[in-house]
Amino acid sequence: MRTVLKWLMIVLGAACILIGLAHVVGGIHSEPGLSGAGPTVDSRERFFGAIFAFYGVACLASVRGTIKAKEVNWLAGFFLLGGLGRLLSWALEGRPHWFQLPLTALELVVPLIIFGLVRGLDRTKE
């Protein structure tokens, strides 16, 4: 269980770093459906890309050495919040570009898996 959680957080962290840096470099051209959004959205995209890359670094740090279960749960919770934000956007603004749909599914499912793995770690300590 510990090994699965550690590797899941490593893959998640590495993916977030790569995706975040791609958004910093590519701006609106890194996201399907945004190419005509203009400089304001481009600026925001690059800013949030940097934050997403840092989120990836935090994921990696949370499993360096001893797994920090509380930090992992917080990180998973924020990832879940992002998925819930996408659902709210869909409800209020309409269906997004098709590329966003599998991302939303991942953002809703992966945190639940992480929560379950952390809970399993807690049980093995008892």
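So, helix 1: the residues buried there are Leu 5, Met 9, Leu 12, Gly 13, Cys 16, Ile 17, Gly 20, His 23 and Gly 26. Keep in mind that this is a predicted model. Helix 1 has 25 residues, and from first C-alpha to last it reaches 36 Å, close to the 36 Å you'd expect at 1.5 Å a residue. Right after helix 1 comes Gly 27, and its phi is positive, near 55°.

While we're on helix 1, have a look at Lys 6, which also sits in it. Buried or exposed? Well, Lys 6 has a relative accessibility of 31%, so we call it partly exposed. What does Lys 6 touch, once you leave aside its neighbours within four places in sequence? You get Val 63, Gly 65 and Ile 67. With Val 63, the C-alpha atoms are separated by 5.8 Å, although the two residues are 57 apart along the chain.

Okay, let me zoom out for a second. The chain has four helices and zero strands, so to speak a plain α-α-α-α run from the N terminus on. Its C-alpha atoms fill a box of roughly 55 × 30 × 15 Å along the principal axes. Of the 126 residues, 33% are buried. And if you take contacts between residues at least 6 apart in sequence, 66% of them join residues at least 24 apart.

Now helix 2. That one has 24 residues and spans 35 Å between its first and last C-alpha, close to the expected 34 Å at 1.5 Å a residue. Its buried set is Val 41, Asp 42, Glu 45, Gly 49, Ala 53, Tyr 55, Gly 56, Ala 58, Cys 59 and Ser 62. So you'll spot Asp 42 and Glu 45 in that buried list. What covers the buried residues of helix 2? The cover includes helix 1, residues 2–26, and helix 3.

Let's stay with that helix 3 partner. Two packed helices are described by the angle between their axes and the distance between the axes. Here, helix 2 (residues 39–62) and helix 3 (residues 69–93) have axes that come within 9 Å and cross at roughly 150°. Anything over 145 degrees counts as roughly antiparallel, and that's why we describe helix 2 and helix 3 that way. The crossing of helix 2 past helix 3 is left-handed. Which residues make the contact? On the helix 2 side it's Phe 52, Tyr 55, Ala 58, Cys 59 and Ser 62, and on the helix 3 side it's Glu 71, Val 72, Leu 75, Ala 76 and Phe 79. By class, that contact has eight nonpolar residues, one polar and one charged. If you're following along on the structure, Tyr 55, Ala 58, Cys 59 and Ser 62 are also among the buried residues of helix 2.

Last stop, helix 4, residues 100–125, where I picked two residues. One is Thr 104, which lies in helix 4 and counts as buried because its relative accessibility is 6%. Not counting residues up to four places away in sequence, Thr 104 touches Gly 83, Arg 86 and Leu 87.

The other is Gln 100, again in helix 4. Gln 100 has a relative accessible area of 10%, so it is buried. Who does Gln 100 contact, leaving aside neighbours within four places in sequence? That would be Glu 31 and Arg 86. Arg 86 also turned up in the Thr 104 list.

Terms used: Residues numbered from 1 in each chain as written. Predicted model: local features only at pLDDT ≥ 70, side-chain atom pairs only at ≥ 80, totals over all residues. Heavy atoms only, no water. Axes fitted to C-alpha atoms, helices over the stretch in contact; angles between N-to-C directions. Parallel < 35°, antiparallel > 145°, perpendicular 65-115°, else oblique. Left-handed = near helix turned anticlockwise from the far one by under 90°. Contact = heavy atoms within 4.5 Å. Nonpolar A, V, L, I, M, F, W, Y, C, P; charged D, E, K, R; others polar. Expected span 1.5 Å × (residues − 1). Buried < 20%, exposed > 50% of the residue type's maximum accessible area, 1.4 Å probe, protein only.
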